[in-house]
Amino acid sequence: MRINRSQLATIAAISGAALGGAGLANAATKHSTSPTASTSSMAPTASHRGNPNETALTGDTLKSASDAALAANSGAKVEAATTEDPAENSGAAYEVHITKADGTRANVLEDKDFKVLSTKTDQGHGGRGDHHGGPGGNPNEKPLTGDDLAKAKAAVAAAQPGVTVDNATTEDPAENTDAAYEVHAHKGTSFITITLDKDFKVVKTETNTRQHH
C-alpha cells in the first residue's frame, strides 16, 4: 500500500506525541522518586543540671534565650539553656546558665518572651562571691545572725535533712524572687540554694551538682 505525504505527516505527529508523553512520564517518575532534602535540627544542648523536669533548648528557642542572657550580661558565655522546672515556682519559662566575663557563673531566668527576670550568681561553682558574705558577695544581701540565722537553719534542716549550711543571707530585692532570705548549703557533691519567705517558709529549692573541669 502506498502512503502519501499527508499520511506520513500524520504518522510522524502521532509518534512524536507518544515519545513526548513517554518523556514526560519518565521525567515525572524521576522527579517523584528523587530523595527529598532532609531538614537537619540542632543537637540538643546537654542539661546543665540534670533535672528531668528541665528540657534542653534547641534551635530558635536556644538562640533567643542565649541572646537575651548575653545582652543582659556583656562578655558572658552561655554554658547551657533549658526550660525552667515548673516545680521551682520562679515564674520563669527558661533558665540559661552562663559564665560571666570575670569567671563568675550565674543563672539567668527568663519569661516566655525571653525577657530577663533575674540573674543570680551560682555560688555552688566557685564564683568570685564568698559563701560567707565576704568580699565579692552581693552587697544587697546581708548575712543573717541571731534568731534569724537559727530559724533559717531550722527551716533548711526540715526541708533538706542532712545538709550542711554554708551561709544564710537576706535576699536581694532586685532578684524579684518573692523571698526574704537565701540559704546556701551542700550535701555530698551537691550545692543547694534555698529561698525562704519572711516567715521562713521554703519558697524555692535549687540543687546544683559540683562540676569538674
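Let's start with strands 1 and 2: strand 1, residues 77–83, runs antiparallel to strand 2, and 6 bridges join the two. One residue to find on your screens is alanine 80, whose bridge partner in strand 2 is histidine 97. Please keep in mind that this is a predicted model.

Now look at the other neighbour. Strand 2 is also joined to strand 3, residues 105–110, by 6 bridges, and this pairing is antiparallel too. Here glutamate 95 has leucine 109 of strand 3 as its bridge partner. Strands 2 and 3 make a hairpin with 5 residues between them. In that turn, glycine 103 has a positive phi of about 95°.

So how many of the residues of strand 2, 94–99, are buried? The count is 6 of 6. Both faces are covered: on one side you have Tyr94, Val96 and Ile98, and on the other Glu95, His97 and Thr99.

Let's stay with tyrosine 94 for a moment. The structure holds 2 aromatic pairs. In one of them, tyrosine 94 stacks with phenylalanine 114, at 4.9 Å centre to centre and with 5° between the planes. This pair links distant parts of the chain, 20 residues apart: tyrosine 94 sits in strand 2, and phenylalanine 114 in the loop between strand 3 and strand 4. Are the two partners buried or partly exposed? Tyrosine 94 has a relative accessible area of 15%, so it is buried. Phenylalanine 114 comes out at 22%, and because the cut-off for buried is under 20%, phenylalanine 114 counts as partly exposed.

On to the other pair, tyrosine 181 with phenylalanine 200. These rings are stacked as well, with centres 4.6 Å apart and 5° between the planes. Tyrosine 181 belongs to strand 6 and phenylalanine 200 to the loop between strands 7 and 8, so the pair ties together parts 19 residues apart in sequence. Tyrosine 181 is buried at 12% relative accessibility, and phenylalanine 200 is buried at 15%.

Phenylalanine 200 brings us to the largest nonpolar core. That core has 13 residues, and the ones touching the most other members are Ala152, Val183, Leu196 and Phe200. Helix 3, strand 6 and strand 7 each give two or more residues to this core. Take leucine 196: beyond its neighbours within four places in sequence, its contacts include Ala152, Ala155, Tyr181, Val183 and Val203.

Finally, apart from this core lies another one, of 11 residues. Among its members are Leu57, Leu62, Ala81 and our friend Tyr94. Thanks, everyone!

Note on methods: Residues numbered from 1 in each chain as written. Predicted model: local features only at pLDDT ≥ 70, side-chain atom pairs only at ≥ 80, totals over all residues. Heavy atoms only, no water. Core = buried A, V, L, I, M, F, W, Y, C linked by side-chain atoms within 4.5 Å. Buried < 20%, exposed > 50% of the residue type's maximum accessible area, 1.4 Å probe, protein only. Helix = DSSP H or I, 4+ residues; strand = E, 2+ residues; numbered from the N terminus. Contact = heavy atoms within 4.5 Å. Pairing = 2+ DSSP bridges. Phe/Tyr/Trp six-rings, centres within 6.5 Å; stacked < 30°, edge-to-face > 60°.
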